[in-house]
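Trainee: Could you take me through one part of this model in detail? I would like to follow the aromatic rings and the strands that carry them.

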Amino acid sequence: MNWKQAPLGPVQTNAFVLYNEEREAVIFDPGGDGESFAAALKKENLKALAILLTHAHFDHIGAVDHIRDTFNIPVYLHQREAHWLQDPAKNLSVNMSPEGITARPAEHLIDSEQSLTVGPFAFRIFETPGHSPGSVSYYHEPTDTVFSGDVLFQSGIGRTDLPGADETTLLSSIHQKLLELPEDTTVACGHGPVTTISAEMDGNPFLNGL
């Protein structure tokens with residue numbers, strides 16, 4: 001199994017495509033550029049099985065419906081943000097255009113920390129709120145990767161000046177969930193370059209004292 005990173009949408013949010021030798025794939029956070037992203041997936045002969053959302057801010061959901069409809073696949077999202085896809089005020093796109101950015105409701109709502117299997121892909125889901133109340137991180141042990149959205153970045157953490165965000169909660173999520181993963185785990189971040197748990201434990205200035 002392997003994965004690819006694809007910056008998409010107005011703020012170049014990282015979508016990730018996890019795939020196997022049979023070209024089956026799951027898509028994380030398709031944030032925009034739906035037509036070109038779908039064309040790229042088809043060019044790679046990838047058979048998408050599902051969309052997994054780390055959270056429902058506008059920059060992570062802009063191409064959800066296009067990818068969902070192109071491949072006829074379901075969407076997974078935490079229940080705390082169940083209504084954010086349809087509500088530009090909650091997904092923070094209300095000021096971007098008259099209609100904002102919306103998507104239809106998710107087919108599957110995550111309600112707890114749990115194991116998730118999608119086709120041949122198995123994940124451990126961690127609830128990692130703080131940047132948003134329904135933020136989750138998907139740990140994929142076979143590739144030693146955690147797809148964490150906007151929780152932890154290279155030398156940074158997610159914004160906590162947004163509605164529903166809280167810095168203390170975010171730091172607790174990072175410390176109690178992500179930093180407990182093996183140190184060689186790759187952190188597939190929502191923005192910027194990927195990093196590792198060990199690199200952030202050693203050098204992230206926001207995590208001093210943790």
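Mentor: What follows is a walk from one strand pair to the aromatic rings. This is a predicted model, in which local features need pLDDT of at least 70 and side-chain atom pairs count only at pLDDT 80 or more, while totals for chains, interfaces and linings use all residues. Residues are numbered from 1 along each chain as its sequence is written, and side-chain values use heavy atoms, with hydrogens and water left out.

Start with strand 1 (residues 2-8) and strand 2 (residues 13-19), which pair in the antiparallel sense over seven bridges. Strands here are DSSP runs of E with at least two residues, numbered from the N terminus, and two strands pair if DSSP finds at least two bridges between them. Four residues sit between the strands of this hairpin, where glycine 9 takes a positive phi near 80°. Across the pair, tryptophan 3 stands opposite leucine 18 in strand 2.

Now the rings. Rings of Phe, Tyr and Trp (its six-membered ring) pair if their centres lie within 6.5 Å; planes under 30 degrees apart count as stacked, over 60 as edge-to-face and the rest as tilted. By this rule there are seven aromatic pairs. In one of them, the ring centres of phenylalanine 16 and phenylalanine 147 are 5.7 Å apart and the planes are at 65°, so the pair is edge-to-face. Phenylalanine 16 lies in strand 2 and phenylalanine 147 in strand 10 (residues 145-149), so this pair ties together parts 131 residues apart in sequence. Both phenylalanine 16 and phenylalanine 147 are buried, meaning under 20% relative accessible area (1.4 Å probe, protein chains only). Ring pairs link Trp3, Phe16, Phe28, Phe123, Tyr138 and Phe147 into a cluster.

Note on methods:
Buried < 20%, exposed > 50% of the residue type's maximum accessible area, 1.4 Å probe, protein only.
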